[in-house]
Amino acid sequence: MDEDDLRALTALADAGRIRVAGLLADGRARTVAELAETLGMPAGQVAHHLRRLADAGIAGPADPPRPAAWTIRVGRIADLGRALASGIDRKSTRLNSSHRT
């Protein structure tokens with residue numbers, strides 16, 4: 001797992017950002033106002049969470065026709081899943097081999 005993966009996981013370690021990412025996970029682009037209304041959060045707080053998710057490569061501006069909307073970066077989420085699974089597999093292999101006699 002590299003520094004970018006750790007930065008992305010750190011960004012997801014906040015409940016508010018998880019809620020924003022979870023809402024975007026359906027693939028539908030949404031504006032800050034739409035997210036704020038649906039989540040019951042102030043728009044400024046949603047914008048802050050989106051900036052943090054964008055810095056981590058997890059979310060970004062939607063392509064036209066909704067340039068003010070945001071979407072999740074599914075490929076980045078998949079990459080994080082693979083990085084986590086790889087780390088778990090390596091640790092599991094080490095643990096299993098250390099318990100053999």
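In this predicted model, Pro61 has a relative accessible area of 46% and is therefore partly exposed, and its place is in strand 1, which covers residues 59-61. Strand 1 belongs to a protein chain whose secondary structure comes to five helices and two strands, arranged along the sequence in the pattern α-α-α-α-β-β-α. The points below begin with the surroundings of Pro61 and of the chain as a whole, and then turn to helix 3, the nonpolar core, the salt bridges and a surface patch.

**Pro61 and strand 1**

- When neighbours within four places in sequence are left aside, the contacts of Pro61 are with Ala69, Trp70, Thr71 and Arg73; of these, Trp70 also appears among the residues touched by Leu50.
- Although Pro61 and Arg30 are separated by 31 residues in sequence, their C-alpha atoms are 9.4 Å apart in space.

**The chain as a whole**

- Of the 101 residues in the protein chain, 33% count as buried, and the chain exposes about 6,200 Å², of which carbon and sulfur atoms supply 56%.
- Among the contacts in the protein chain with a separation of 6 or more, 49% are between residues 24 or more positions apart.

**Helix 3 and its two faces**

- Helix 3, which runs over residues 32-39, has Leu35, Ala36 and Leu39 as its buried residues; because these cover an arc of only 100 degrees around the axis, they are placed on the same side of helix 3.
- The face of helix 3 that is turned away from this buried side carries Ala33, Glu37 and Thr38, which are exposed.
- The cover over the buried residues of helix 3 includes helix 2, at residues 15-24, and helix 4, at residues 43-55.
- After helix 3 comes Gly40, and the phi angle of Gly40 is positive, near 70 degrees.

**The largest nonpolar core**

- In soluble globular proteins, nonpolar side chains tend to be buried together.
- In this chain, the largest nonpolar core has 20 residues, and the ones with the most contacts inside it are Val20, Leu24, Leu35, Leu50, Leu53 and Ile58.
- Two or more residues of this core come from each of helix 1 (3-11), helix 2, helix 3, helix 4 and strand 2 (70-72), and helix 2 gives the most, with four residues.
- Leu50 illustrates how these parts meet, since, with residues up to four places away in sequence not counted, Leu50 touches Val20, Leu24, Val32, Leu35 and Trp70.

**Salt bridges**

- The count of salt bridges comes to four, and three of them are described here, including one between the side chains of Arg7 and Asp4, with an N to O distance of 2.6 Å.
- Arg7 and Asp4 both lie in helix 1, three residues apart, which is about one turn of the helix; Arg7, with a relative accessible area of 44%, is partly exposed, and Asp4, at 42%, also counts as partly exposed.
- Another salt bridge joins the side chains of Asp5 and Arg76, at 3.0 Å from N to O; Asp5 lies in helix 1 and Arg76 in helix 5, so this pair ties together parts that are 71 residues apart in sequence.
- Both partners of that pair lie under the 20% cut-off for a buried residue, because Asp5 has a relative accessibility of 9% and Arg76 one of 15%.
- Arg76, found in helix 5 at residues 74-98, is in contact with Asp4, Asp5, Ala8, Ala56, Gly57 and Ile58 when its neighbours within four places in sequence are left aside, and Ile58 is one of the residues with the most contacts inside the largest nonpolar core.
- Asp26 and Arg30 also form a salt bridge, their closest N and O atoms being 2.9 Å apart, and Arg30 counts as buried because its relative accessibility is 6%.

**A nonpolar patch on the surface**

- Met1, Leu6, Leu84 and Ile88 make a nonpolar surface patch of about 360 Å².
- Within this patch, Met1 is placed in the segment before helix 1, and because its relative accessibility is 45%, Met1 counts as partly exposed.

Terms used:
Residues numbered from 1 in each chain as written. Predicted model: local features only at pLDDT ≥ 70, side-chain atom pairs only at ≥ 80, totals over all residues. Heavy atoms only, no water. Buried < 20%, exposed > 50% of the residue type's maximum accessible area, 1.4 Å probe, protein only. Arc of directions from axis to C-beta. Contact = heavy atoms within 4.5 Å. Core = buried A, V, L, I, M, F, W, Y, C linked by side-chain atoms within 4.5 Å. Patch = residues over 30% accessible without salt bridge, like charges linked within 9 Å, V, L, I, M, F, W, Y side chains within 5 Å. Areas by Shrake-Rupley, 256 points an atom, 1.4 Å probe, with all protein chains shown as cover.
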